[in-house]
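Hello,

I am handing this structure over to you. Please have a look at it first, then read my notes below.

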Amino acid sequence: MFGSFEFGLPGDPRQARRPGLRLWLLGVPTTLAWAVAGWSGTLGLLDGFRLMSLNRVGAWGADAGPAVSLVLFFSISITVASSLGFAMLWGGGMSLSGMGVGFRASSLAASLGIALGSGAAIPSWTPPESVGQRLPFAGGAAEPWTDVDWIVYYEPYLVPAVAGVTALVMIMVLGRAFVTRAEKDDRAQALAQTGRQVVGHVIGVEFTNVWVMGNPRFTVQVRFATETGERTVIATMITSPLQAPARGSTVKVTYDPHNPDSVQVDPDPADRAAGGNLGAFLPPLF
């Protein structure tokens, strides 16, 4: 819901695993789209630049018809791939951690797709007319290749290799992110099932000057009653401006009696004092 903790903090524990399924469903077509973009971009752009860099200045001459068609195909495929990658960014959930996972998953799909597409294009690269030296111009002498020229010569293998290594790194990063998020979801779910919920009172609030999904983020100091007496905690809240906490407003506090550090603070829909200082949190118009 608008103004709940799913905007930047753990949301409904029952929905915690759904973003992962959405990412997998979006990841397959996104990877395929990037594979097509990698294949067409490799043969339509990099192949011609490679020939021009090595020894064929006129590589985009009259015989460049197929390359021009591949460039058009590349433009379409990269547009589709980028759109799907943007959808993956939101597929991780409407939260800071979810967007972080979505960004990593989108990066993995892009690098893996480019590695597959450029790898499939290796046999189709146009061989240079001369290896080891540039073709002489009219009346000139042949010049040997530099180290940069040799790097460009092995570009058909370097492009998929670099993309593949990037994909492996992203797999490890994404795996760690999934594990970390799963642990947070488990703690949030356990707190929701076994924790105790009471009404807390805001005794201090500070706007952090950070907006998440159009909602302000606050640092609040909350006092609430427990079996062993009153406790005071400092927590982070992301709410809609209409539910902005104010000194004296009430919030819902869920805490674990056996773990003092496990506390979750949520807005109190029944509170009438929230949003009383609305003007201080509106984003600037310019």
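How many aromatic pairs does the structure hold? There are seven aromatic pairs. One of them joins Tyr-153 and Tyr-154. Their ring centres are 5.0 Å apart and their planes stand at 75°, so this pair is edge-to-face. Please keep in mind that the model is predicted.

Another pair is Phe-207 with Phe-218. Here the centres lie 5.6 Å apart and the planes meet at 45°, so the pair is tilted. This pair links distant parts of the chain. Phe-207 is in strand E3 and Phe-218 in strand E4, 11 residues apart. Both residues are covered: Phe-207 is buried at 18% relative accessible area, and Phe-218 is buried at 0%.

Now the strands. E3 pairs with E4 in the antiparallel sense, over eight bridges. In that pairing, Gly-204 stands opposite Gln-221 in E4. E3 also pairs with strand E6 (residues 250-256), again antiparallel, over six bridges. There, His-201 stands opposite Thr-250 in E6.

Next, charge. Side chains of opposite charge can pair when their charged atoms come close. The count of salt bridges is one. Glu-227 forms a salt bridge with Arg-196, with the closest N and O atoms 1.6 Å apart. Glu-227 sits in the loop between strand E4 (215-226) and strand E5 (229-238). Arg-196 belongs to strand E3 (residues 196-212), and the two are 31 residues apart. Is Arg-196 buried or exposed? Neither: Arg-196 is partly exposed, with a relative accessible area of 41%.

Back to the aromatic residues. Ring pairs link Trp-145, Trp-150, Tyr-153 and Tyr-154 into a cluster. Trp-150 lies in helix H4 and is partly exposed at 33%. Tyr-154 is partly exposed too, at 43%.

Trp-150 and Tyr-154 also belong to a nonpolar patch on the surface. The other members are Val-131, Ile-151, Tyr-157 and Leu-158. Together the patch has about 600 Å² of accessible area. H4 and helix H5 (155-194) each give two or more residues to the patch.

One last residue in helix H4 (residues 147-153) is Asp-149. Asp-149 counts as buried, because its relative accessibility is 4%. Beyond its neighbours within four places in sequence, Asp-149 is in contact with Ser-53, Leu-54 and Arg-134.

Best wishes

How values were computed:
Residues numbered from 1 in each chain as written. Predicted model: local features only at pLDDT ≥ 70, side-chain atom pairs only at ≥ 80, totals over all residues. Heavy atoms only, no water. Helix = DSSP H or I, 4+ residues; strand = E, 2+ residues; numbered from the N terminus. Buried < 20%, exposed > 50% of the residue type's maximum accessible area, 1.4 Å probe, protein only. Contact = heavy atoms within 4.5 Å. Salt bridge = Lys/Arg side-chain N within 4 Å of Asp/Glu carboxyl O. Patch = residues over 30% accessible without salt bridge, like charges linked within 9 Å, V, L, I, M, F, W, Y side chains within 5 Å. Areas by Shrake-Rupley, 256 points an atom, 1.4 Å probe, with all protein chains shown as cover. Pairing = 2+ DSSP bridges. Phe/Tyr/Trp six-rings, centres within 6.5 Å; stacked < 30°, edge-to-face > 60°.
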